[in-house]
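Notebook open, coffee in hand. I want to go through this one chain by chain and jot down what I look up.

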Amino acid sequence: MTAMKAHLMHRDTDFDLETTLPPQGQALMDDLGLDQLCTAMSGADNEAFVVARAALLLGLSGPEEIAYRQHVLADCLTHPAVVRELYALVLETLARQRKIHRGLFLSSTSAILRGSLESLHMLIEMLVRMRDLARANSGRFRSEGLATMFAMLARELDDAYITQVKADLAELEFRRGELMSVGLGTYLTGVGHTLRKPRVTAHPMLDRLLGTGLPSHGFRIAERDEAGGRILSELKARGLDKVANAVAQATDNILAFIACLRSEVGFYVGCLNLHDRLAAASLPTCRPQICPDPRGMVWARGLYDPGLCLSGAPAVIGNDIDAGDADIVVITGANQGGKSTFLRALGLSQLMAQAGMFVAADAYRAPVRTGVFTHFKRQEDASMTSGKLDEELHRMSEIADEVSPGAVILFNESFSSTNEREGSQIAREVIRALREAKVRIAFVTHQYDLAHGLQVAGDEHIVFLRAARAEDGGRPFRLLPGEPLSTSFGADLYAEIFGQTVARARADESHDALGVP
Amino acid sequence: MSGPSILFRDPGAVVLETTLPDYASDLLLDQVIAHIIKGADEYDLLPYFATRLSDVRDVTYRQEVFTDLEDQELTKALVDYGEAMHLTRTRLAQSGKRYFERFRQAWVLAAGEAYVTAVDGLLAALGAARLHSEALQALRRYVSDYATGPVMTRLRADSASLRARMDAITYALRLSGDRITVQAYDGEPDLSTHVLATFEKFSRGAAKDYRSRTPNWPDSNHIEAHILELVAALHPDEFAALERFCAEFSDVLDPALLALERDVQFYLVVARQERWLEAGGVDFTMPTIDDRSTQVDVRGTVDVALADKLAREHRQPVRNDVTLLDGERIFVVSGPNQGGKTTFARTVGQLFHLAALGCRVPGTSARLFLPDSIHTHFEHPEDVRSLRGKLQDELIRVHRIIESSTARSVVILNEILNSTTLEDALVLGTRIMDQLIDLDVLAVYVTFVDELASRGPSVVSLMSQVEPEDPAARTFRVVRQPANGMAYAAAIAHKYRVDYEHLSRRVSR
């Protein structure tokens, strides 16, 4: 098997872009704003985007694997110039390849051979340049992934090997004609044409003159015999078939190696790009701690949604969360108080941590999850149609098909497309079933009936956060520990937008009105 | 020497129909049969499907063969036989078209090989199978005699040894400019292996295959011919043997075995259709044919045309029973549209036609008779003539049907009189019904006129059904039930839980 491996993403295997993305992938893209994050990593490069998306959606499942990438990433952050130079060589190789017409579709055998040989000459030249870069920086990389790969380039592509490859490519020019073996088919026409490597004889001309070679009989194709000329080319093509196949496959294989480098180095270059963007906005990043105990939820300081910065928000405020012992976080409070943003930050940080990336926080600690899921209300206004509830329950059912113990599900205003009593009843049953199945939950809700019911139960494994409201009604977008209040803050928004207040019951009065002590 | 027929007890007495009967299009048998024989055009199988057998012994003759063919090995062997005979004929035809003598001989050798494969494969399969049918036992005797006879013995031995000698030849070709040289191959190593080894370190397992797949077929050109002459000069003994083979092997194909190639197709295409529909959830059963009675009892059957269509969509048809108890002769089918009334009517007609071909019928069990005639009249809504003209035509047609039917006939009337007033439909329908009852004919009468369903003791009332949860969905279920035009309304009420049962439970809570 292949000696040429990148293995920057996994210790033992290539990063496989063919892997099917998890069914919840599209919901994660939509709900967490992953598009924006991947675009920040990849720029305008669509293939790099695909790599970033796959890395984020196909998270790693063990602390060891995560550490492997974290170490490679640390190397990259220390020597960004070398990594970017290697990536530039990879992109240059691919750009030059695109200009070579390999003629893969319905083209003649000789065209396949010609195109593949041209590619091979170019690829060998580019591989030598990559090897030289590896040689020049061999001592500077500490991570297992990068150190191994650089050593591999220097070892496998040594001068002796390159010399041999060039000799083989020269032989494939067939300057002295082709020799092939042929068998007889069902209808006694030639079959199994196989190009042979002629024996090196000391005096081929002498053999022929003295008849010391094998007996042979031949004929020439007349100059005006055009059909005969075409048949001769066809015969040649048949002989070349297996060799052209071998050369084309060799070309494919080297290109596949280059493609691997493109994805795997590209992922880290994407991390560098994102890191630069956040650093330019003076936002912190940290290497996440992966805790071995899978029971807890998450502990973080200054956790923020990097998407806010990428979309140009002027000030991004981080939140703290102490849910290291909790199995559910319930988030209530003012509309536009940062609840959805916080939920996105929770989801993104977990996906980034499990992709082996840094996370957008001052400090972050969480266990590995068996999966990250989102169940977000699809539209802001919740008209009470059964179709919407059908749709919500259908999505919940799809999640249930995929979720397993140790996963985390982020709910955003779920089951609110029906009336509060029904919605909270459904949600309670969902939450109860999931908690018993050891699935962790973060639940943003404005359904007081639901949040209050959980609070009354007095469960120590529930953390309540509340979107705070500044005294003047402006939003700081900061969440603080706090029990659910019975009303949301829509009136504030109304006031802000309409410039006038509406008569509104105070929170405690509405408690009384609902008959809640 | 003439061989046995596997289709007819007495081939000399058979008169084959060349077109499908009139009722085939009403019953959609034209579509079904077209699908069955699709891909077997060159065998011209339509007459076999157009001609009903009228003697129960002829039906039994075929039923026995179908039963023997439940042995999948045997069926497979017959498929192989057909393909090998086809190949034999094709190769002989191609041989005649070759310009160069050595290539002509090559095609004769290949044809001989295919013929040996066909005959030996057939004998082996017939020998290994436990045969119960009269037809296949006779065939086995015939093939056994032929295959062990002098012609086949010699052909078998000569073609095998000649092929082995040709296969052993490998020569070397050197191409240089416009010169082609032929010489013995001296074991030089494969260049592609060498190239693969050089780039082995980049190998990643499965790789795209760039080899072209040029067929060998058209290659008997003058260059190949010239090369073959040079090869023959290197191997004179082998090519002399080929010449002798061709001189001896000409015109040996047995006429009976050629006819057999066509006749096995009938069984094979029917079996293929059965397997396809079985995969779609349809059962097939060998009907019991009783020519002393006119009893009908088929359980769990389906409309084969519908089943064929649904199988393409990976859906299963709903099964119905076609059962007439003692003294019952006429089905009156009523009920909501879209519920399967027409499907049921078609099903009954199809059963009688298929059984009279000696085929299995859809169902878990079946008892049928061989009708002396089958008549159908289906309303065609696209018929745009005046209502009066249409009614007139309809009555003329029904009259003719009744005139030409006996107690051993099958009559299927689907939605006739639909375009008239209820009054007319009731009066005319009653008259027609009374005549059918008097004839004692087996009939299916699809109508919206409830009253016809209780016209006499020989009339059975069937109703099409709808899905209670979704009245718009088609069920195709047709069950014994007194005619009741209100069933559809009840179903809709059920869906919204305002029918009697639901309402009383909800109110009482």
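What share of the contacts in chain B with a separation of 6 or more comes from residues 24 or more positions apart? I get 76%, where a contact means heavy atoms within 4.5 Å.

**Ground rules**

I am working with a predicted model, in which local features need pLDDT of at least 70 and side-chain atom pairs count only at pLDDT 80 or more, while totals for chains, interfaces and linings use all residues. Residues are numbered from 1 along each chain as its sequence is written, chains are lettered from A and ligands numbered from 1 in the order in which they are written, and side-chain values use heavy atoms, with hydrogens and water left out.

**Chain totals**

I looked up chain B first and found 18 helices and 14 strands. Both are DSSP runs numbered from the N terminus, with helices being H or I of at least four residues and strands being E of at least two. Of the 509 residues in chain B, 51% count as buried. Buried means under 20% relative accessible area, exposed means over 50%, and partly exposed is in between, using a 1.4 Å probe and protein chains only.

Then I did chain A, which has 17 helices and 13 strands. Chain A has 517 residues, and buried ones make up 52% of them. For its contacts between residues at least 6 apart in sequence, 74% join residues at least 24 apart.

**Helix H12 of chain B and its partners**

Two packed helices are described by the angle between their axes and the distance between the axes. I took H4(B), residues 56-68, against H12(B), residues 255-279, and got an angle of about 60° with the axes 11 Å apart. The axes are lines fitted to C-alpha atoms, for helices over the stretch in contact, and angles run from 0 to 180 degrees between N-to-C directions. H4(B) and H12(B) are therefore oblique to each other. For the record, under 35 degrees is roughly parallel, over 145 roughly antiparallel, 65 to 115 roughly perpendicular, and the rest oblique.

The crossing of H4(B) and H12(B) is right-handed. That label applies if the near helix is turned clockwise from the far one by less than a right angle, and left-handed applies if it is turned anticlockwise. On the H4(B) side I noted Arg62(B), Val65(B) and Phe66(B), which meet Phe266(B), Tyr267(B) and Val270(B) of H12(B). Sorted by class, the contact of H4(B) with H12(B) has five nonpolar residues, one charged and no polar. In this scheme Ala, Val, Leu, Ile, Met, Phe, Trp, Tyr, Cys and Pro are nonpolar, Asp, Glu, Lys and Arg are charged, and the others, Gly among them, are polar.

Next I checked H12(B) against H13(B), residues 304-312: the axes come within 9 Å and cross at roughly 65°. H12(B) passes H13(B) in a left-handed crossing. The H12(B) residues in the contact are Gln273(B), Trp276(B) and Leu277(B), and H13(B) supplies Val304(B), Ala307(B), Asp308(B), Ala311(B) and Arg312(B). The class count for H12(B) with H13(B) is five nonpolar, one polar and two charged.

**Two buried spots in chain B**

Gln63(B) sits in helix H4 of chain B. Is Gln63(B) buried or exposed? Gln63(B) counts as buried, at 12% relative accessibility. Leaving out residues up to four places away in sequence, Gln63(B) touches Met286(B), Pro287(B), Ile289(B) and Gly358(B).

Ala345(B) is in helix H14 of chain B, residues 341-355, and at 0% relative accessibility it counts as buried. Its contacts beyond four places in sequence include Leu27(B), Phe378(B) and Ile412(B). I also paired Ala345(B) with Ala443(B): they are 98 residues apart along the chain, with 9.4 Å between their C-alpha atoms.

**Odd phi values in chain A**

Phe174(A) is not a glycine, but has a positive phi of about 55°. I found Phe174(A) in the loop between helix H8 (159-171) and strand S1 (178-184), buried at 16% relative accessible area.

Lys438(A) also has a positive phi, near 60°. Its loop runs between helix H14 (420-436) and strand S11 (440-444) of chain A, and Lys438(A) is exposed at 53%.

**Cysteines**

How many disulfides are there over all chains? Zero, counting a pair of cysteine sulfur atoms within 2.5 Å as a disulfide. The closest cysteine sulfur to that of Cys76(A) is in Cys271(A), 7.9 Å away and too far for a bond. Cys76(A) is buried at 2% relative accessible area.
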